[in-house]
Amino acid sequence: MDESEDPKHVAERVLPVWERVVADMEATAEEYREAGWEALECHPGDIATITEGEGQTGLDVVLPDDEFDRIEAAYDADGDFDEVEAFRAVEQGIVFAVAALKNATTETALLVPIYYDADSSQEFLQMVSEEGELRIHLRPLDQRRILTFTQHEPAPFLPGGE
C-alpha cells in the first residue's frame, strides 16, 4: 500500500481541513436560515467512493440516525432537490466540498460536507467522467433507506473543478 492509500496518512491530511469544512458548512447553513430557508446540516460518520453497481456509483455518506430522519422527512416533502451549490477546495490531493442541495418549493437546503482522496480515487473519477454525473447517496448505518441526489454537472466536485 502506498502512502496515499494508508488510512493514517489520509486521516492526517483530512482532519485539519475537515474541521474548517464543517465550520464553513455551519456558517452556510446559518446564511440560509437568515434568508428564511430551513437548513439541515449533515455530519457524516463515514464517506466513501463507490465504483461498482449501475446507478450506485458516487459518494456514500453515512449519517447519524437523527440527522438521516430529518433529511428523509425533507426528501419526502413537496418539490425536488433539483438545485445544487457546491463549495470546493483541494488540499494535499484531497477534494473537500460542501454540497448545498436545494428544494426551492419548500425553501429547504441540505448541507452535505464530503471529501475523497483524488490520488487513490482514479477509478471513481473515471466513472464520474464517463457517466457525466455524480451521485451523493445519504443513508443511515443500518441502510434502511438510501436517498440519492444526482448532480448532472459534477465539475464543482472534481479536483480541477472543470
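**Exercise 1. Find which residues touch the most other members of the largest nonpolar core.**

Solution. Start with the term: a nonpolar core is a set of buried Ala, Val, Leu, Ile, Met, Phe, Trp, Tyr and Cys residues joined through side-chain atoms within 4.5 Å. Buried means under 20% relative accessible area, exposed over 50%, partly exposed in between (1.4 Å probe, protein chains only). The largest core has 45 residues. Val61, Ile71, Leu110, Leu111, Val112, Tyr116 and Leu138 touch the most other members.

This is a predicted model: local features need pLDDT of at least 70, side-chain atom pairs count only at pLDDT 80 or more, and totals for chains, interfaces and linings use all residues. Residues are numbered from 1 along each chain as its sequence is written, and side-chain values use heavy atoms, with hydrogens and water left out.

**Exercise 2. Place valine 61 among its strand partners.**

Solution. Strands (E, at least two residues) are DSSP runs, numbered from the N terminus. Two strands pair if DSSP finds at least two bridges between them.

- S3 spans residues 58–63, and six of its six residues are buried.
- S2 (residues 46–50) pairs with S3 in the antiparallel sense, over five bridges. There, valine 61 is the bridge partner of isoleucine 47.
- S7 (residues 134–140) pairs with S3 in the parallel sense, over five bridges. Here valine 61 stands opposite leucine 138.

**Exercise 3. List the contacts of valine 112, leaving aside neighbours within four places in sequence.**

Solution. Contact means heavy atoms within 4.5 Å. Valine 112 is in contact with Cys42, Val61, Ala97, Val98, Ala99, Leu101, Ile136 and Leu138. Val61 and Leu138 also appear among the core residues that touch the most other members.

Conventions:
Helix = DSSP H or I, 4+ residues; strand = E, 2+ residues; numbered from the N terminus.
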